[in-house]
Amino acid sequence: MMRAEVPVDFDVIIVGGGPAGLAFARSLDGCGLRLAVVERQPLTALAAPADDGREIALTQRSIGILKELAAWRHLNAADMAALREARVLNGGSPFALSFDAGGSDKEGLGKLVPNHRIRHSLFSAVEGQKGLTILAGSSVASLRTDRHYARLTLDDGRPVTGRLLVAADTRMSHVRDQLGIRAEMNRLGRSMMVVRVAHDGDHHGIATEWFDHGQTIALLPLRERCSSFVLTLPSAEMEALAAMEAGALGRAITRRCARRLGEMRVLDRAHVYPLTTTYACHFAATRAALIGDAAVGMHPVTAHGFNLGLLGQATLARLIRDAVERGGDIASASLLRRYEAAHRLATRPLYTATNLIVGLYTDERPAAWVARHMTLRAGARLPFVRRTVSRLLMQH
Ligand SMILES: Cc1cc2nc3c(=O)[nH]c(=O)nc-3n(C[C@H](O)[C@H](O)[C@H](O)COP(=O)(O)OP(=O)(O)OC[C@H]3O[C@@H](n4cnc5c(N)ncnc54)[C@H](O)[C@@H]3O)c2cc1C
């Protein structure tokens, strides 16, 4: 039973007001819990997040969750682009493996929405939420959890107590470290550049993932004749490219894309992300849980990170709501075990498969080239493989 006699400041303390943390706060709306979000950025940055260049490919399931959270209505049609089909190319081969939503599904694979617009929509959804306190401009100096409480000291010395601590503080989670939870961590030595480009050719709403010699390129369709250009290179090579002025960068991108969509012109600032994938060895500890990238930091190539983060926070919120209805403990060991088991099942196969794809498609040895060509051909000949992948793309 919940220890009602123990006074605490909050029922749930969420560290990290990113998309996963805010979605989780919103998922617990209306169940009478006192919530705190501890976020190191100031409130102004949460309310008007800066553009970070990322276009998030949201699956139909994620769109459904954002609608339930009343975040979707804060996005405009101009914020989103339809994702009708995805194609995978291997080197110079003209062969492409295509995935779509099937003839009957008019909704397509999902929508592309800029990450800062998603963050803004979630902030708008939680703004003024009853029982929610946002402790912006703060981070956690130290923490301790025991059978009864989570006790935090913020960096300004303020103590904060709660019944459940939820870490949503990104893939290099400091809270995860402070809880003593280890994580698999793969520093890939590669970086990903994202930049919006205009081009002469039509993208037809098709996303292209091109595993080329020495580079991986994704072209994500935005509004007419505009795309998000996503390039993965060894980090040392990326530095020179990122330092280029817009005109030179546009010409370099046109060459790298082998003029697939004609001349490319850079529309805004390029953003570079060093790539590290992470998977926490546990998603829970005494009176604590991990959500979002703090639990699973996916490689962006399969565009599942936030989609899985949304799914995980929904799973944990559902278990907590059930506990509240039954008058049970919102942070019991059995509840947290159930969350961990469900989220592991939802994420581990995709995490492993994504890392295998990345390994195979960035391996430059001749045997790997043959293997990837055969994999794509096999995928084309086996309709059930395509259907399964399409379903995965749409659901998670
Ligand atoms: C280039 C790129 C493309 C991507 N494309 C896709 C895609 O197409 N589809 C998809 O599903 N996912 C995609 N992702 C992944 C997606 O962006 C992440 O999964 C998602 O942002 C994770 O959200 P989060 O809230 O867990 O973490 P973050 O977005 O990292 O937010 C963490 C928050 O915690 C705060 N914080 C950190 N440390 C502390 C602390 N100690 N104290 C207080 N606050 C703290 C930070 O300020 C931040 O606000 C992409 C990622 C990249 C890099």
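Let me start with arginine 171 and the residues it touches: in this predicted model, and leaving aside its neighbours within four places in sequence, arginine 171 is in contact with Arg176, Thr276, Thr277, Thr278, Asp293, Ala294, Gly297 and Met298. If you look for arginine 171 along the chain, you will find it in the loop between strand S11, residues 159-167, and helix H5, residues 174-178. Is arginine 171 buried or exposed? Its relative accessibility is 19%, and because the limit for buried is under 20%, arginine 171 counts as buried.

Two of the residues on that contact list also offer a backbone oxygen to this side chain. The side chain of arginine 171 reaches the backbone oxygen of threonine 276 at 2.8 Å, and a polar atom of the side chain of arginine 171 lies 3.4 Å from the backbone oxygen of glycine 297.

One name on that list, Asp293, takes us to the ligand. There are 31 residues around the ligand, and those that come nearest are Glu39, Arg54, Arg119, Thr170 and Asp293. For aspartate 293, an N or O atom in the side chain is 2.7 Å from an oxygen atom of the ligand, and for arginine 54, a polar side-chain atom likewise lies 2.7 Å from an oxygen atom of the ligand. With asparagine 307 the backbone takes part, since a polar backbone atom of that residue is 2.9 Å from an oxygen atom of the ligand. Of the 1,000 Å² of accessible area that the ligand has on its own, the protein covers 92%.

Where does the shell around the ligand come from, in terms of domains? At least three of its residues come from domain 1, which runs over 10-76, 115-185 and 277-358, and at least three from domain 2, which runs over 82-112, 187-275 and 363-395. Among the elements that each supply at least two residues of the shell are helix H1 (19-27), strand S12 (183-199) and helix H8 (305-326). Sorted by class, the shell has 13 nonpolar, eleven polar and seven charged residues.

Finally, a word on the backbone. Most residues other than glycine have a negative phi. Alanine 70, however, has a positive phi of about 60°; alanine 70 sits in the loop between helix H3 (60-68) and strand S4 (81-83), and it is buried, with a relative accessible area of 13%. Alanine 258 also has a positive phi, near 50°, and its place is in the loop between helix H7 (246-256) and strand S16 (264-266).

Technical notes
Residues are numbered from 1 along each chain as its sequence is written. This is a predicted model: local features need pLDDT of at least 70, side-chain atom pairs count only at pLDDT 80 or more; totals for chains, interfaces and linings use all residues. Side-chain values use heavy atoms; hydrogens and water are left out. Helices (H or I, at least four residues) and strands (E, at least two) are DSSP runs, numbered from the N terminus. Buried means under 20% relative accessible area, exposed over 50%, partly exposed in between (1.4 Å probe, protein chains only). A polar contact is a pair of N or O atoms within 3.5 Å; within protein, one must be able to donate a hydrogen and the other to accept it, and residues adjacent in sequence count only if both atoms are side-chain atoms. Contact means heavy atoms within 4.5 Å. A residue is near a molecule or strand if one of its heavy atoms lies within 4 Å of it. Accessible areas come from the Shrake-Rupley method with a 1.4 Å probe; for residues, only the protein chains shown count as cover. Ala, Val, Leu, Ile, Met, Phe, Trp, Tyr, Cys and Pro count as nonpolar, Asp, Glu, Lys and Arg as charged, and the others, Gly among them, as polar. Domain bounds come from an automatic or database domain assignment.
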